[in-house]
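Colleague: I am new to this structure and would like a guided tour. Please put it on the screen, and I will ask as we go.

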Amino acid sequence: NTTAPGKETAASFQTAAYECAATPVPASAEEVSTALGASVTFLAFETFALPSPEVLASQGFEFKFSHPQYAGIGAGIPAGAWPVGDTRSPSLAIYEAKDHHLEAKSEKKGSEVAGLLVDFQPSPIVFLKPVTVTLPVYEIDQKRKYVVAVFNTTSKTWLPKPVSKDQETIVDGQVLGETSSFSLYAALSYPASSSSCNAGCI
């Protein structure tokens, strides 16, 4: 979780469309399926109002899905993290991979996509402070560890985005991560015996 601001490698699916549109539009299931190289289904989409610049600077804000089925999925933006002058509305789009044990190419050996895929927008965006994202998992397997990861559409790999060492990774059955940008995210699981700690052990 030490990627320098502005050095994120994940790409947005609809950057140009998002920047030009008054209302955000989610990427299609076909676009996400093509990027992942796996079949996915589009499930839900929600747009959120961006608070005033004063609130963004002094309080920050949190946005999460209002639908009970997806409760808790979203992001927490700390005070002063949202880029000054960026007035784009945040949004969340949820997708489900047909294969609930979809292989995830990552530095964590034996990684699988462990829950729903969530496309956080706007993107590209570079936050001024780490932002917390909350993602769902299908189930918690005590023999596996979990980490939030962002999908790199160029290399087709997943980059782990763990929380700080003093924070809990799993809260209320959901996985937390920290990032400096938005794109396509998911919780990954990998064997607890994995010894890779390049991106921070959890």
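Colleague: Let's start with a charged pair: are aspartate 86 and arginine 88 buried or exposed?

Modeller: First, this is a predicted model, in which local features need pLDDT of at least 70, side-chain atom pairs count only at pLDDT 80 or more, and totals for chains, interfaces and linings use all residues. Residues are numbered from 1 along each chain as its sequence is written, and side-chain values use heavy atoms, with hydrogens and water left out. A residue is called buried under 20% relative accessible area, exposed over 50%, and partly exposed in between (1.4 Å probe, protein chains only). By that scale, aspartate 86 and arginine 88 are both buried.

Colleague: How far apart, N to O, are the side chains of aspartate 86 and arginine 88 in their salt bridge?

Modeller: Side chains of opposite charge can pair when their charged atoms come close. The name salt bridge applies when a side-chain nitrogen of Lys or Arg is within 4 Å of a carboxyl oxygen of Asp or Glu. For aspartate 86 and arginine 88, the N to O distance is 2.7 Å.

Colleague: How many salt bridges are there in the whole structure?

Modeller: Besides aspartate 86 with arginine 88, the side chains of glutamate 62 and lysine 64 meet at 3.9 Å, N to O. Glutamate 62 is exposed, because its relative accessibility is 56%, while lysine 64 is partly exposed at 30%. Searching the whole structure gives a salt bridge count of two.

Colleague: Which residues form the covered face of strand 2?

Modeller: Helices (H or I, at least four residues) and strands (E, at least two) are DSSP runs, numbered from the N terminus. The chain has three helices and twelve strands in all. In strand 2, Glu62 and Lys64 make up the uncovered face. The covered face consists of Phe61 and Phe63.

Colleague: Which residue in strand 3 stands opposite phenylalanine 63?

Modeller: Strands 2 and 3 run antiparallel and are joined by four bridges. Phenylalanine 61 has isoleucine 77 of strand 3 as its bridge partner. Opposite phenylalanine 63 stands alanine 75.

Colleague: Which strands are at the edges of the open sheet that holds strand 2?

Modeller: Two strands pair if DSSP finds at least two bridges between them. Five strands make this open sheet, with antiparallel pairing in the order 2-3-7-11-10. Those that pair on one side only are strand 2 and strand 10 (170-171).

Colleague: Which residues touch the most other members of the largest nonpolar core?

Modeller: A nonpolar core is a set of buried Ala, Val, Leu, Ile, Met, Phe, Trp, Tyr and Cys residues joined through side-chain atoms within 4.5 Å. The largest such core has 31 residues. Strands that each supply at least two of its residues include strand 2 (61-64), strand 3 (74-77) and strand 6 (117-121). Touching the most other members are Phe63, Ala75, Ile77, Trp82, Phe120 and Phe182.

Colleague: Which residues is threonine 134 in contact with, leaving aside its neighbours within four places in sequence?

Modeller: Threonine 134 belongs to strand 7 and counts as buried because its relative accessible area is 7%. Its C-alpha atom is separated by 8.3 Å from that of glycine 76, 58 residues apart along the chain. With contact meaning heavy atoms within 4.5 Å, the partners of threonine 134 are Lys64, Gly72, Ile73, Gly74, Gln174, Val175 and Leu176.

Colleague: Which residues of helix 2 are exposed on the side away from its buried ones?

Modeller: In helix 2 (residues 29-36), Ala29, Val32, Ser33, Ala35 and Leu36 are buried. They lie on the same side of helix 2 because they cover an arc of only 165° around the axis, taken from the directions from the helix axis to the C-beta atoms. Their cover includes strand 1 (40-47) and strand 9 (157-160). Exposed on the other side are Glu30 and Thr34.

Colleague: To finish, what share of the chain's residues is buried?

Modeller: About 9,600 Å² of the chain is exposed, with 54% of it supplied by carbon and sulfur atoms. Such areas come from the Shrake-Rupley method with a 1.4 Å probe; for residues, only the protein chains shown count as cover. Of the 202 residues in the chain, the buried share is 50%.
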